Amino acid sequence: MKITKIDVIAVDVEDNPKGWHPIVCRVYTDESIYGDGESAMAYGIGAKAAHGMLLDVAPLIIGMNPFDTEVIWEKLYKSTFWAQNGGSVIFSAISALDIALWDIKGKALQMPIYALLGGKMRDKLRTYASQLQFGWGERREIAASIADYVKYAKIAVAQGYDAIKIDFFTFDETGRRLTSEDTTRLLAPKYKNMVVNRVAAVRDAIGADVDIIMENHSYIDAQVAVQLGRLVEKYDIFLFEEPCTPTPKTNKFIHDHINIPIAQGERIYSRWGFAPYFENGSIQMIQPDIGNCGGITEAKKICDMAHLYDVGVQAHVCASPLSTAVALQLEAAIPNFTIHEHHVYNLHDYNKRLCIHDYQPEKGMYTVPDLPGIGNEFSEFVFKKGVITTIQ
């Protein structure tokens with residue numbers, strides 16, 4: 001089997017929300033089997049760079065055997081110069097191609113990817129409702145008042161989730177998005193009290209049997225992380241996520257000054273990036289994004305390394321439903337899976353329309369797809385509305 005062509009697609013359509021620019025690909029073979037992949041830089045700024053990088057690296061694998069995932073990964077890593085010790089742009093392009101190749105391999109063998117990774121260790125995956133500061137429904141909201149935080153938390157819990165994630169420091173009480181001028185350096189009492197009062201209200205509303213993950217998005221710094229971490233410890237926070245710009249020494253400083261497990265990973269790329277965190281013991285949960293950490297080939301290695309240090313895994317997912325299905329395949333197969341992230345964007349139509357299957361959790365649990373390959377693929381909408389560049 002040989003790779004014959006690759007469609008690189010920018011799904012940047014008019015009715016997408018601001019800052020949502022999916023970059024995807026479809027890899028074709030001479031045996032009429034194709035695979036889909038995604039560069040998970042759809043949100044924020046950077047999608048155009050991911051698109052350009054994918055166009056640059058895609059020609060390197062034309063004519064190769066899609067089953068040779070390790071061979072292809074090493075070629076992309078070693079022959080592109082910028083991939084070694086690279087960041088999100090180059091690794092998102094490698095990820096998209098690698099994911100598509102695993103999809104081809106699974107379809108050709110009529111096996112789900114989890115079977116190719118060693119087998120399914122679990123049928124159901126515990127799942128948390130993620131990013132409730134943006135609401136929890138079919139459209140984006142803004143959580144400004146304490147009542148807003150309580151309302152969205154109660155909606156998720158009523159649906160059966162026993163874990164939720166909120167960034168309590170995204171908006172002020174008026175709904176204004178906070179900046180680094182507000183969220184870094186030692187905080188004034190008004191901001192400390194605002195965050196703590198929100199956490200306290202949510203904990204009181206949902207009770208002791210629901211986990212709270214406190215998201216920080218790296219918008220705070222080490223000093224603020226220690227301030228807030230110490231103040232919210234008494235509310236039994238399950239994970240303190242992205243408490244600083246991802247650097248091993250700073251992460252270690254925070255780890256040594258608070259008593260909450262720390263999660264990092266969606267902005268750490270490749271096993272070389274994760275290794276220092278494992279070695280200094282400053283991370284208890286990793287959140288690699290398969291769409292920008294090097295694909296399935298690399299994500300599995302990262303998870304295996306984490307297992308050596310008894311570090312848990314929650315795959316980061318903030319992209320199309322294809323990326324969700326990819327994460328489920330990996331999480332089903334690894335021994336150190338802990339919990340799956342279900343981002344609020346997965347509830348929105350502009351995202352759900354990108355794929356033929358709309359997998360959603362039931363009562364806070366995800367069922368792992370058993371279809372060959374990833375278990376999902378891009379819909380006709382992507383090919384009708386997206387801008388397609390074909391590499392041959």
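**Cores, sheets and aromatic contacts in a predicted model**

With a relative accessibility of 15%, Y350 counts as buried. The structure discussed here is a predicted model. Y350 forms an aromatic pair with Y345, and the arrangement is edge-to-face, with 6.4 Å from centre to centre and 65 degrees between the planes. Y345 is likewise buried, its relative accessible area being 12%. Both tyrosines belong to one aromatic cluster, whose other members are W20, F134 and F171.

In total, the structure contains 16 aromatic pairs. Another of them joins Y28 and Y34, whose rings are tilted: the centres lie 6.3 Å apart and the planes make 55 degrees. The two partners fall on either side of the 20% limit for burial. Y28 has a relative accessible area of 19% and is therefore buried, whereas Y34, at 25%, is counted as partly exposed.

Rings also take part in contacts with charged groups. The charged end of R126 is placed over the ring of F238, at 5.6 Å from the ring centre. In a second case, the ring of W73 has the charged end of K301 over it, 5.9 Å from its centre.

The discussion now turns to an open sheet. Its 4 strands follow the order β3-β2-β1-β13, and their pairing is antiparallel. The edges are formed by β3 (34-39) and β13 (387-391); each has a single partner strand, so one side of each lacks a neighbour in the sheet. From one strand to the next, the twist averages 20 degrees. Within this sheet, β2 (residues 23-29) is joined to β3 by 6 bridges in the antiparallel sense. I23, for example, has S39 in β3 as its bridge partner. Helix α1 (residues 47-57) packs on the sheet and touches β1 (3-10), β2, β3 and β13. The direction of α1 makes about 20 degrees with that of β2.

A parallel pairing is found elsewhere: strand β4 (residues 124-130) and β11 run parallel and are joined by 4 bridges. Across this pairing, Y128 stands opposite E341 in β11. In a regular strand, side chains alternate between the two faces of the sheet. Strand β11 (residues 340-343) has H340 and H342 pointing one way, while E341 and H343 point the other way. All four of these residues, H340, E341, H342 and H343, are buried.

The interior can be described through its nonpolar cores. The largest comprises 48 residues, and those with the most contacts inside it are L132, I164, F168, F169, V202 and M214. At least two residues of this core are supplied by each of α5 (146-158), β5 (163-166), α7 (189-206), β6 (211-215), α8 (222-232) and β7 (237-241). Helix α7 provides the largest share, 7 residues. M214 illustrates how such a residue is surrounded: leaving aside residues up to four places away in sequence, M214 touches I166, F168, V195, V199, L228, V232, I237, L239, F240 and E241. A second core, separate from the largest, has 46 residues, including Y28, Y114, C355 and F383. Y28 thus connects several parts of this account, as a member of the second core and as the buried partner in the tilted pair with Y34.

Technical notes
Residues are numbered from 1 along each chain as its sequence is written. This is a predicted model: local features need pLDDT of at least 70, side-chain atom pairs count only at pLDDT 80 or more; totals for chains, interfaces and linings use all residues. Side-chain values use heavy atoms; hydrogens and water are left out. Buried means under 20% relative accessible area, exposed over 50%, partly exposed in between (1.4 Å probe, protein chains only). Two strands pair if DSSP finds at least two bridges between them. Rings of Phe, Tyr and Trp (its six-membered ring) pair if their centres lie within 6.5 Å; planes under 30 degrees apart count as stacked, over 60 as edge-to-face and the rest as tilted. A charge sits over a ring if NZ of Lys or CZ of Arg is within 6 Å of the ring centre and within 35 degrees of the ring normal. A nonpolar core is a set of buried Ala, Val, Leu, Ile, Met, Phe, Trp, Tyr and Cys residues joined through side-chain atoms within 4.5 Å. Contact means heavy atoms within 4.5 Å. Axes are lines fitted to C-alpha atoms, for helices over the stretch in contact, and angles run from 0 to 180 degrees between N-to-C directions.
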